Amino acid sequence: MKLLWIDLNCSYAHASLALPALHAQMMQYADAEWDVVSATANEPPGPVVDEIVRRRPDLLAATAWLFTHEALLHLLARVRAMLPQCVVVLGGPEFLGDNESYLRRTPWVDAVFRGEGEEVFPQWLPLWKRRERWADVPGLCYLDPETGAYRDNGTARVVHFDRLIPPEQSPFFRWDKPFVQLETTRGCFNTCAFCVSGGEKPVRSLPLETIARRLENIRAHGIRDVRILDRTFNHNARCACDLLQLFRTHHPHLHFHLEIHPALLGDELKTLLSTMPPGLLHLEAGIQSLHEDVLQACGRRGGLEASLEGLRYLCALPNVVTHADLIAGLPLYRLEQIYEDVRTLAGYCAGEIQLESLKVLPGTEMRRRAAELGLAYSPLPPYEVLQTPAITPAGLQEAMRLSRLLDGYYNAPAWQDVTRRLILHDAAFLPRFLDTLTRQGVILQPMSLERRGVLLYSFCRAHYPAFTSAVTRAWIEAGLSLKKEPAERVRTKKQTPPGDWEVLQGVYKPTLRLCFLPPESPNEPGYWYGYESERQEAKPVFKAVQSFK
């Protein structure tokens, strides 16, 4: 039997763990020949379908994810039209709800798995042609080929998580990607109604020595970026501290991205976080909202005050980057509160502010209670919320444009400092700037770093003139052209150093090419920048400030 896996991802940088995780459990199963066709969801279907059909599989398998599901269906429908005898089976988080209507409207899909597959897929594979035995396989959902009746075998859960063969041992594991993903736990202690892990109990963990061996293998393959997939890294304080010690002691040159609950920071964990080497950790704090009634409506554990105290602590750490998540469209969450929360997070100096829209996902408590909560949402992926009693459709669209603004300015290192200062200077800055970018028709367009700087400079010159010099300094330090509008006040010709500057960066050498940004008022300083003439580097290597008081 020839099994072909469609490895469909959102982008080239991403690689699903599903294929290597399943294959690793079955590498000794001799009756199946495994093959894979990889693609991204943005590719035209024709060449991918041609490659699949050319290999003529007996069994076609794939994982359906939120942002790849629609593209996957287009591929499968075309393949099945040309290979009608091929059996198609899917798994993934898209199938955590009721799957009967899905199977009836997609006749080219023979069965779907609900839940975790590493232990049940090996049970099903020897039975793939014996449909009368499918009723014995936990988690499998399908239509009876004789009666057309829907068969639902519940939800599959991995019982022995710590005994699974690691996906890195499969030859299908992708070592050529810029980062790898690693689970140290599975399940979640929390009960967030919007999350597919809200009902995954109990939390199962790997022994520390197993994690240590896997990290050493990852490091030996030259990987430097590790995404920890645990839903809440610090749900168990002792385990979290042990892992941080492991990261710091044995892998100080790696970069770990992990999700942390800011309400669960004990003293030992705080101390450890404060002593981590700079660049080792990128923390994601899923705060979701800064309003207690919203969090309670979502079933999220951990009090708001404790979360805010923990978030302030994390954002103040100079050695760690902390990014905070907000979700527009949560029950009771109003548009004006979203603006307030963004401003609060900017005040905390959050490393990034991610604003996403609520996805009413299959199998979640939020999906089951959608009518009760008054949530209107798309019935098709990505199931985005369209309206709630607290926010209008127009308000949700504005929130998504605000998300684009935050990504383009606050989350861009070049513009973050001046954007943060503007947000804190005036509560009206964000809605005013967003309205300007919307009316200009650019907020939904891809914009270069330079284009964003020109727009910000022009806006500040018209509405916040006291900040134009700050935008110019950010422009210069980003290495952008001194011939463009934001650098219009910069002096570049025949600049000689004064005798009274204060050096802020680098070392002055007579060979440097200097430029000078004069003050706009008598109480402001001027700024000097030096460029390496020989290397023709875009960014200045020297910076000094000159006081005129």
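**View 1. Helix 18 lies across three strands of the predicted model.** Helix 18, formed by residues 468-477, crosses strand 19, strand 20 (526-532) and strand 21. With respect to strand 20, helix 18 runs at about 10°.

**View 2. Four strands form an open, antiparallel sheet.** The strand order is 18-21-20-19. Strand 18 (502-505) and strand 19 (512-517) stand at the edges, and each has a single partner strand, so one side of each is left without a neighbour in the sheet. On average, and with direction ignored, neighbouring strands of this sheet are turned by 25° against each other. As a general point, strands of a sheet pair through backbone hydrogen bonds, in either a parallel or an antiparallel manner.

**View 3. Strand 18 pairs with strand 21.** The pairing of strand 18 with strand 21 (residues 542-546) is antiparallel and extends over 3 bridges. Which residue of strand 21 is the bridge partner of V503? The partner is A544.

**View 4. Helix 15 packs against helix 17.** The axes of helix 15 (residues 413-425) and helix 17 (residues 449-463) come within 11 Å and cross at roughly 25°. Angles under 35 degrees count as roughly parallel, and the two helices are therefore roughly parallel to each other. The crossing of helix 15 and helix 17 is left-handed. Helix 15 contributes A414, W415, V418, T419 and L422 to the contact, while helix 17 contributes L449, R452, G453, L456 and C460. By residue class, this contact of helix 15 with helix 17 comprises 7 nonpolar, 2 polar and 1 charged.

**View 5. Helix 8 packs against helix 10.** Helix 8 (residues 267-274) and helix 10 (residues 304-316) meet at an angle of about 20°, and their axes are 11 Å apart. This angle makes helix 8 roughly parallel to helix 10. The crossing of helix 8 and helix 10 is right-handed. On the side of helix 8 the contact is made by K270, T271, L273 and S274, and on the side of helix 10 by E309, Y313 and L314. The residues of this contact of helix 8 with helix 10 divide into 3 nonpolar, 2 polar and 2 charged.

**View 6. Residues 1-135 carry a domain annotation in UniProt.** The unreviewed UniProt entry places the feature "domain: B12-binding" at residues 1-135. In the model, this span is 31% helix and 21% strand. The end C-alpha atoms of residues 1-135 lie 21 Å apart.

Conventions: Residues numbered from 1 in each chain as written. Predicted model: local features only at pLDDT ≥ 70, side-chain atom pairs only at ≥ 80, totals over all residues. Heavy atoms only, no water. Axes fitted to C-alpha atoms, helices over the stretch in contact; angles between N-to-C directions. Parallel < 35°, antiparallel > 145°, perpendicular 65-115°, else oblique. Left-handed = near helix turned anticlockwise from the far one by under 90°. Contact = heavy atoms within 4.5 Å. Nonpolar A, V, L, I, M, F, W, Y, C, P; charged D, E, K, R; others polar. UniProt positions renumbered as here; feature names shortened; annotations may be inferred. Pairing = 2+ DSSP bridges.
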